[in-house]
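Work through the exercises below with the model in view. Try each task before reading its solution.

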Amino acid sequence: MNALDAGLYSVLAGDTGAGGVAALVGTDRDSNKKIYQLDAPQKADPPYVLFQEAQDTPGYTFGNIDVYDHVFYLVRAFTVDANTTGPAQAGILADRLKVLLTNPSLTVSGKTVLSARFDRSYPPLKEWDGANNRYFYSRGVLVEIWVS
Amino acid sequence: MGVQLVNNIPKVVPELKRQVAERLNAAAQFWVGQAKQNAPVDTGFLKAHVGQSIAAVPERLEAEVRSLARYSAPTDTGIRGTLWWTKSYLRTRELFPQFLYGKAGSAGANVIRAAEEDFHGPMGRKGGGF
């Protein structure tokens, strides 16, 4: 749901205070906040945050009127081990995501947000980035959103 | 004329447990089917090594589904992950009440079709309402 993608991006990008997601990931070479939908551009160096819809299940009433959407988003934080703090940094970002995305000030164009909350976390993940001779570290959170 | 009260609880409880175990296994098999359907395929190893590792029985109402390939997690939520496992989990979770209430019948391909149709309708998505 594009409107929800945009709303969620606003929540993440708007978290600019000390310890906030946007503050922690910073900006890329084009001065864009390193919060991306689905995939990061090649020019983006970690840390960054990726978010994507994992499932959208609608609920209909008679006449096929869509009365609600039950949506899950996966939001993941990626870091590298250039300064040996990669796993810790990913954990800090994941903790902030958990707090931020539980009852956020989420506005979705054309919809009413009924609920948005952290659902579950994903365990830390370590992946070898052979092209750059480094490890990627990531942690993710699953967010459950109901909109009508 | 007197009324004789018969306590059938000793018969009902084991039967309930048997049915719940059967339905848990149906849900687990659905999860396996979804995961195999969503799994990215290169050599087929990942897809071939998804299965139900613990079957629910009346004495232990617990089922487990596992993906045994070491790279399962990165292919799901890693830097190039496709969420194949996460999506399978969410789909099973969404339909789980139907499995538990027995609307989806026993395990197998028909279960998947029945669950999908019960949830979405034979003509497409109709949404919730278990």
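The exercises that follow concern a predicted model.

**Exercise 1. Describe the side of chain A that touches chain B.**

Step 1. Count the residues in contact. Chain A gives 16 residues, and they meet 15 residues of chain B.

Step 2. Find the elements. Those that give two or more residues are β2 (48-61), β3 (65-80), β5 (125-129) and β6 (134-147) of chain A. The largest share, six residues, comes from β2(A).

Step 3. Sort the residues of this side of chain A by type. Nine are nonpolar, five are polar and two are charged.

**Exercise 2. Work out which side of helix α1(A) is buried, and what covers the buried residues.**

Step 1. Set out the helix. α1 of chain A runs over residues 2-13, so 12 residues, and reaches 16 Å from its first C-alpha to its last. That is close to the 16 Å expected at 1.5 Å a residue.

Step 2. List the buried residues. They are L4(A), G7(A), L8(A), V11(A) and L12(A).

Step 3. Look around the axis. These residues lie on the same side of α1(A), because they cover an arc of only 135°.

Step 4. Find the cover. It includes α2 (21-25), β1 (35-37), β2, β3, α3 (86-100) and β6 of chain A.

**Exercise 3. Place V21(A) in the largest nonpolar core.**

Step 1. Take the core. It holds 56 residues. V21(A), V49(A), Y73(A), V75(A), L97(A) and V143(A) touch the most other members.

Step 2. Trace the contacts of V21(A), leaving aside neighbours within four places in sequence. Among them are L12(A), I35(A), V49(A) and L97(A). D15(A) and R96(A) are also in contact with V21(A).

**Exercise 4. Decide whether S148(A) is buried or exposed, and find its contacts.**

Step 1. Locate S148(A). It lies in the segment after β6 of chain A.

Step 2. Count its C-beta neighbours. There are 12 others within 10 Å, and a residue with 12 or fewer is exposed, so S148(A) is exposed.

Step 3. List its contacts beyond four places in sequence. They are V67(A), Y68(A), K111(A), T112(A) and L114(A).

**Exercise 5. Pick out the unusual backbone at L38(A), P47(A) and N103(A).**

Step 1. Recall the usual case. Most residues other than glycine have a negative phi, and most peptide bonds are trans.

Step 2. Check phi. L38(A) has a positive phi of about 70°, and N103(A) has one of about 55°. Neither is a glycine.

Step 3. Check omega. The bond from P46(A) to P47(A) is cis, with omega near 10°.

Step 4. Place them. L38(A) and P47(A) lie in the loop between β1 and β2 of chain A. N103(A) is in the loop between α3 and β4 (113-121) of chain A.

Technical notes:
Residues are numbered from 1 along each chain as its sequence is written. Chains are lettered from A and ligands numbered from 1 in the order in which they are written. This is a predicted model: local features need pLDDT of at least 70, side-chain atom pairs count only at pLDDT 80 or more; totals for chains, interfaces and linings use all residues. Two residues are in contact if their C-beta atoms, placed from the backbone, lie within 7 Å. Helices (H or I, at least four residues) and strands (E, at least two) are DSSP runs, numbered from the N terminus. Ala, Val, Leu, Ile, Met, Phe, Trp, Tyr, Cys and Pro count as nonpolar, Asp, Glu, Lys and Arg as charged, and the others, Gly among them, as polar. The expected span of a helix is 1.5 Å times one less than its number of residues. A residue is buried if 20 or more other C-beta atoms lie within 10 Å of its own, exposed if 12 or fewer, and partly exposed in between; C-beta atoms are placed from the backbone. The arc is that of the directions from the helix axis to the C-beta atoms. A nonpolar core is a set of buried Ala, Val, Leu, Ile, Met, Phe, Trp, Tyr and Cys residues joined through C-beta atoms within 7 Å.
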